[in-house]
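Have a look at the model below and pick out the sheet. We'll take a walk around one of its strands.

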Amino acid sequence: MTPGGRILVAGGDGLVGAGLARHLSAAGVEVVATTRRRDGPLFLDVAAAADAPPALPRADAAVLCAGVARLADCERDPDGSRRVNVDGIVGIAAALVQQGAYVLHLSSDKVFDGQAAQRRREAPTCPLTRYGAQKVAAERGVLGLDGEVGVLRLSKVLAPSLPLLNDWAAALRAGTPIAPFTDMYLAPVPLDLVCRLIACLLRARAVGLYQCSGASDRSYVALAETFVRGLSADPALIAPCRSGLDPAALSPNTTLDMSVEAARFGIGQPAFDDVVSDIAAVLR
Ligand SMILES: NC(=O)c1ccc[n+]([C@@H]2O[C@H](COP(=O)([O-])OP(=O)(O)OC[C@H]3O[C@@H](n4cnc5c(N)ncnc54)[C@H](OP(=O)(O)O)[C@@H]3O)[C@@H](O)[C@H]2O)c1
């Protein structure tokens, strides 16, 4: 499904932003992507948008992929990350809505506490981390704007370009052990499925809350086992360890109900093994 018009991708250098810009451009869509590189074609500092509306090119729709996406970075710099993830994002969304653009903001399963599987979109939010709390505040701010706005919550997005998987592949090729966490869980979605769903949301100018996650949660050890199998590498190189994170902040459940997305766009939850095996096949 190809959206029409010109699409602004805020955060075009990130994992999702870069993948989305490639996906849409390959489908013939006109894309303008922002960057934090001063020498880039369209500079945008989201933090500055917390104070003043940014000058943005006209767009029919926009996807807000920019943000401080690491939980640890938000804990380390609560005020700075909030300026980006909440105040800046809502400021940019407000400026775009005023232009008449449809705005889609990317949120996270971390708006929930990870204590229940297959969270429904209307369930009360209950974040455990600063990152999660910032995502809740941004969701409220964006969805509270008077215009066509949507939010897409994502679980862990996997792609062959992800540094963790590239590091693991390189280590396994060199015969060096890898150390996946026993106490961290993921319900991964592949980047291309995320891009396909975003394209559907853009085309439909879908207002409200949407969700995208894998079908089931498994540990990073399970991720490593499936990945090693896919690479035909030596399973003896898997050396499981604990993350060292506060157990109270760990989320054993990251799955999100996707019944609406399946019914409306024909996009459902991918199986854990399929997601990981497909990436291993690319990196083999
Ligand atoms: N990837 C996932 O598994 C996942 C899961 C759930 C939700 N999400 C959400 O999806 C969105 C995209 O995630 P991602 O994985 O693509 O993150 P990412 O790879 O870390 O990319 C984030 C992008 O935001 C840019 N950025 C950070 N601070 C900025 C600022 N002050 N002004 C302008 N740009 C700024 C970064 O620029 P630089 O490249 O210059 O650093 C980067 O290009 C984020 O909102 C994230 O919270 C992602």
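Which residue is the bridge partner of A62 in strand 4? The partner is V103. Helices (H or I, at least four residues) and strands (E, at least two) are DSSP runs here, numbered from the N terminus.

Some ground rules before we go on. This is a predicted model, so local features need pLDDT of at least 70 and side-chain atom pairs count only at pLDDT 80 or more, while totals for chains, interfaces and linings use all residues. Residues are numbered from 1 along each chain as its sequence is written.

**The sheet**

Zoom out from that pair and you find 6 strands forming an open sheet in the order 2-1-3-4-5-9, with parallel pairing. Two strands count as paired if DSSP finds at least two bridges between them. At the edges sit strand 2 (30-33) and strand 9 (208-212), each pairing on one side only. From one strand to the next, the twist averages 20°. Angles run from 0 to 180 degrees between N-to-C directions, and the axes are lines fitted to C-alpha atoms, for helices over the stretch in contact.

Here are some of the strand pairs:

| Strand pair | Bridges | Sense |
|---|---|---|
| Strand 1 and strand 3 | 4 bridges | parallel |
| Strand 3 and strand 4 | 4 bridges | parallel |
| Strand 4 and strand 5 | 6 bridges | parallel |

**Strand 4 and its neighbours**

Strand 4 takes in residues 102-108, and 7 of its 7 residues are buried. Buried means that 20 or more other C-beta atoms lie within 10 Å of a residue's own; exposed means 12 or fewer, partly exposed is in between, and the C-beta atoms are placed from the backbone. In a regular strand the side chains alternate between the two faces of the sheet. In strand 4, Y102, L104, L106 and S108 point one way, while V103, H105 and S107 point the other. Strand 3 (residues 61-64) has A61 and V63 pointing one way and A62 and L64 the other, and all of these are buried.

L104 has bridge partners on both sides: V63 of strand 3 and G150 of strand 5. To get from strand 4 to strand 5, the chain passes through helix 4 (residues 130-143), and this β-α-β crossover is right-handed. That is, with the strands pointing away from the viewer, the path from the first strand over the helix to the second runs clockwise. In the loop between strand 4 and helix 4 you'll find A123. A123 counts as partly exposed because it has 13 C-beta neighbours inside 10 Å.

**Packing and the ligand**

Helix 3 (residues 78-98) lies across strands 1, 3, 4 and 5, running at about 160° to strand 4. Leaving aside neighbours within four places in sequence, V103 is in contact (C-beta atoms, placed from the backbone, within 7 Å) with residues including A62, L64, A93 and V142.

V103 also turns up among the 75 residues of the largest nonpolar core, as one of those that touch the most other members. Such a core is a set of buried Ala, Val, Leu, Ile, Met, Phe, Trp, Tyr and Cys residues joined through C-beta atoms within 7 Å. Helix 6 (residues 191-204) gives the most to this core, with 8 residues.

Finally, 22 residues surround the ligand, and the closest are G14, V16, V46, G67 and A69; being near here takes a C-beta atom, placed from the backbone, within 6 Å. Helix 1 gives the most to that shell, with 3 residues, and strand 4 supplies at least two.

Technical notes. Contact = placed C-beta atoms within 7 Å.
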